Amino acid sequence: MRKKISMALLLCLAAGITWGQSNFCGLKNRVVKSGEVVNFTVYYNLSAVWVGAAKASFTTKLETLDGKPVFHVIGLGNTVKSYDWIFSVKDKYETYIDTATMLPVKFVRDINEDGHKLYQYVRFLPAQKKAFTNNKVYTVPECIQDVLSAVYYARNIDYSKYNVGDKIPFDMFLDEEVFHLYIRYMGKEKITTKYGTFNTIKIKPLLVEGTLFKGGEKMEIYVSDDDNHIPVRISSPILVGSIKVDMMSYSGIRYPLSSLVKKK
């Protein structure tokens with residue numbers, strides 16, 4: 001069960017908040033900036049008691065790769081110390097995003113879960129529609145995203161163009177496979193998290209049933225209803241129990257967090 005919680009750190013934050021392949025090719029960045037840091041706590045519930053089991057953080061830096069400016073985004077996930085003796089997790093996800101196109105050019109997944117280690121490396125050539133992994137070369141759709149770059153690409157979407165119930169398709173490359181999924185726009189809602197009360201935009205992604213999540217549109221994601229579009233809560237049932245991920249702190253964001261109604 002601790003392993004399932006650890007997998008939620010980045011997958012429910014990233015895989016759950018991915019949008020916009022064919023509909024959004026060509027979006028220009030107006031949100032993401034170097035120096036941004038956003039921190040989250042992952043809570044697990046089995047019998048009506050929410051337990052803070054893990055932490056996740058996302059940091060954005062401006063760097064150069066192959067002579068081009070890129071956003072280097074680092075996602076870290078770790079179990080809290082009180083759970084390390086049960087199941088220790090130290091996960092690291094990295095994506096390098098072309099600042100001009102907001103498409104990924106490099107993705108790295110380096111995880112250590114209670115001694116089980118996995119390293120995955122992907123280089124993207126968007127113009128050629130190719131993805132190079134540790135093992136082989138794949139042909140991928142136009143505007144393909146990795147599990148982490150998709151979050152930052154999606155934050156530039158103008159939700160005012162959609163009606164409640166609209167589906168937004170996207171393509172994502174993960175574990176050497178292309179996934180054709182969608183998210184459903186659910187409108188706006190005011191919610192209260194561990195951090196405070198927010199005006200939010202609510203969406204539901206279509207999930208593929210696996211080792212952690214149930215299939216269907218059971219995950220609910222709430223992003224700040226302001227120009228930052230930061231995820232402030234993610235909640236979902238899992239195969240045993242449920243999880244909740246709350247944004248707990250931030251710094252270096254481009255715009256004021258005007259969606260925050262009241263901080264706790």
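Which residues are linked with Lys202 in a network of salt bridges? The network consists of Glu189, Lys202, Lys204 and Glu220, where a salt bridge is a side-chain nitrogen of Lys or Arg within 4 Å of a carboxyl oxygen of Asp or Glu. The structure is a predicted model, in which local features need pLDDT of at least 70 and side-chain atom pairs count only at pLDDT 80 or more, while totals for chains, interfaces and linings use all residues. Residues are numbered from 1 along each chain as its sequence is written, and side-chain values use heavy atoms, with hydrogens and water left out.

The secondary structure of the protein chain comprises three helices and 15 strands; helices (H or I, at least four residues) and strands (E, at least two) are DSSP runs, numbered from the N terminus. The chain has 264 residues, of which 53% count as buried. Buried means under 20% relative accessible area, exposed means over 50%, and partly exposed lies in between (1.4 Å probe, protein chains only). The accessible surface of the chain is about 11500 Å², and carbon and sulfur atoms hold 51% of this surface; areas come from the Shrake-Rupley method with a 1.4 Å probe, and for residues only the protein chains shown count as cover. Among contacts (heavy atoms within 4.5 Å) with a separation of 6 or more, 57% are between residues 24 or more positions apart.

In the whole structure, eight salt bridges are found. One of them joins Arg155 and Glu36, with the closest N and O atoms 2.8 Å apart. Arg155 lies in the loop between α3 (149–154) and β9, and Glu36 in the loop between α1 (2–14) and β1 (37–45), so the pair ties together parts that are 119 residues apart in sequence. Arg155 is buried at 4% relative accessible area, and Glu36 is buried at 1%.

In the network, Lys202 and Glu189 meet at 3.8 Å, N to O. Lys202 belongs to strand β11 (residues 196–205) and Glu189 to strand β10 (residues 177–192), so this pair ties together parts 13 residues apart in sequence. Lys202 also forms a salt bridge with Glu220, the closest N and O atoms being 3.4 Å apart. Here the linked parts are strand β12 (residues 220–224), which holds Glu220, and strand β11, with the two positions 18 residues apart in the numbering. Lys202 is buried, with a relative accessible area of 12%, whereas Glu189 is partly exposed at 33% and Glu220 is partly exposed at 23%.

The largest nonpolar core has 53 residues; such a core is a set of buried Ala, Val, Leu, Ile, Met, Phe, Trp, Tyr and Cys residues joined through side-chain atoms within 4.5 Å. Strand β9 (residues 167–174) gives the largest share of this core, five residues. Those with the most contacts inside the core include Phe124, Ala131 and Phe173. Leaving aside neighbours within four places in sequence, Ala131 is in contact with eight residues, among them Phe124, Val137 and Phe173. Val137 is found in strand β8 (residues 137–139) and is partly exposed at 44% relative accessibility.
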